[in-house]
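Please open the structure in the viewer and follow the selections below in order.

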Amino acid sequence: MARLNVNPTRMELSQLKKKLVSARRGHKLLKDKRDELMRQFMDMIKENRKLRAEVEAAIADADRYMAVAGSVMQREVLETALMLPKQEVEIEVGEKNVMSVYIPVFQPKYRTDDANEIYSYGTAFTSIDLDGAVNSLSKIFPKMIRLAEIEKACQLMADEIEKTRRRVNALEHIMIPDYEETIKYITMKLSENERSTTTSLMKVKDMVLKQSHNFQ
Amino acid sequence: MYKAAVIGDSAGVLGFAALGLSVFCETDGEKIKKLITRLASGDFAVIYITEPAAALAEDTISKYRSSRLPAIVLIPAVEGNTGDGMRSLHEAVEKAVGSDILN
């Protein structure tokens with residue numbers, strides 16, 4: 001711990017005391033912020049983990065269907081079937097403020113509400129497995145959007161928690177002890193000065209009395 | 001209004017075309033990096049990328065990790081799940097908590 005490089009004056013002392021008070025307050029606030037962020041982060045991580053497992057399983061499922069479809073259909077036919085989609089999805093991006101971390105909120109908007117619009121091909125020349133693949137992907141898609149949202153939120157919150165944690169630690173272990181030590185140093189220095197003034201005054205008084213009245 | 005994109009090898013991502021997502025079939029690392037940068041500066045809010053494709057453009061993806069948009073999400077490819085997607089989750093926990101407490 002290092003004492004700050006300041007002049008030991010009363011003005012510095014009162015300024016430092018004010019700084020110490022606000023540092024302590026800031027420390028308490030940041031600590032609360034860190035705890036609350038951490039609590040929400042843990043909830044999100046739990047959901048994120050569950051969602052990811054679900055999405056990964058569903059995509060693996062769709063890939064299996066796709067592999068079968070690819071084996072019974074010619075590649076060109078498969079690509080042609082999916083080349084011109086009827087359905088179109090756009091994403092509306094909102095914003096949510098979680099403990100001053102701005103996390104995006106995604107809302108998918110489909111061109112049409114018809115659930116069958118995902119099949120962009122006639123059923124005559126395509127394998128039924130292609131339907132299975134497209135169907136399982138479309139079922140999991142809302143969860144995929146939620147996964148994107150929550151994964152982004154987790155990343156942003158992890159950043160913020162790290163920053164807050166560093167700030168809390170810096171205040172707790174460096175700034176506040178430094179202020180305390182400097183305040184102690186100035187108080188000691190000032191009282192030392194005061195004692196020295198008192199003693200010299202007493203001495204002078206003695207000398208003056210002795211000179212004028214021959215007082216012993 | 002934003003759009004969603006899928007990047008990966010053709011077999012793994014073709015199915016998403018039917019849902020109305022923009023599909024980009026790319027297997028070359030440099031091209032993937034350029035593509036991500038282009039999509040991110042465009043109006044794409046969500047980019048799904050297969051794990052093998054993401055492994056080729058790791059630095060570009062990590063660049064967008066702390067920005068608000070786009071959200072880049074790893075999905076398993078046809079070859080199977082490499083666990084990279086879960087790993088990024090563990091990384092986030094490690095960053096926030098200081099140690100990986102999920103295991």
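Two residues are in contact if their C-beta atoms, placed from the backbone, lie within 7 Å. The model shown here is predicted.

**First selection: chain A**

Select chain A and apply that criterion to it. Of its contacts with a separation of 6 or more, 83% are accounted for by residues 24 or more positions apart.

Next, display chain A as a cartoon. Three helices and two strands appear, and, read from the N terminus, the order of these elements is α-α-β-β-α. Chain A is more spread out than a compact globule, because its radius of gyration is 36 Å, well over the 17 Å that the globule rule gives for 216 residues.

Reduce the display to the C-alpha trace of chain A and orient it along its principal axes; the spans are about 130 × 30 × 25 Å. Then colour chain A by burial: of its 216 residues, 29% are buried.

**Second selection: the contact between chains A and B**

Now show both chains together. How many residues does each chain give to the contact? Chain A contributes 51 residues and chain B contributes 34 residues.

Keep the side of chain B that touches chain A and select, in turn, the elements of chain B that supply two or more residues to it: β1 (3-8), α1 (10-19), β3 (44-50), β4 (71-75) and α5 (84-97). Pause at α1(B), from which the largest share of this side comes, eight residues.

Finally, colour this side of chain B by residue class. Its residues comprise 24 nonpolar, six polar and four charged.

Methods. Residues are numbered from 1 along each chain as its sequence is written. Chains are lettered from A and ligands numbered from 1 in the order in which they are written. This is a predicted model: local features need pLDDT of at least 70, side-chain atom pairs count only at pLDDT 80 or more; totals for chains, interfaces and linings use all residues. Helices (H or I, at least four residues) and strands (E, at least two) are DSSP runs, numbered from the N terminus. The radius of gyration is taken over C-alpha atoms; the globule rule is 2.2 Å times the number of residues to the power 0.38. A residue is buried if 20 or more other C-beta atoms lie within 10 Å of its own, exposed if 12 or fewer, and partly exposed in between; C-beta atoms are placed from the backbone. Ala, Val, Leu, Ile, Met, Phe, Trp, Tyr, Cys and Pro count as nonpolar, Asp, Glu, Lys and Arg as charged, and the others, Gly among them, as polar.
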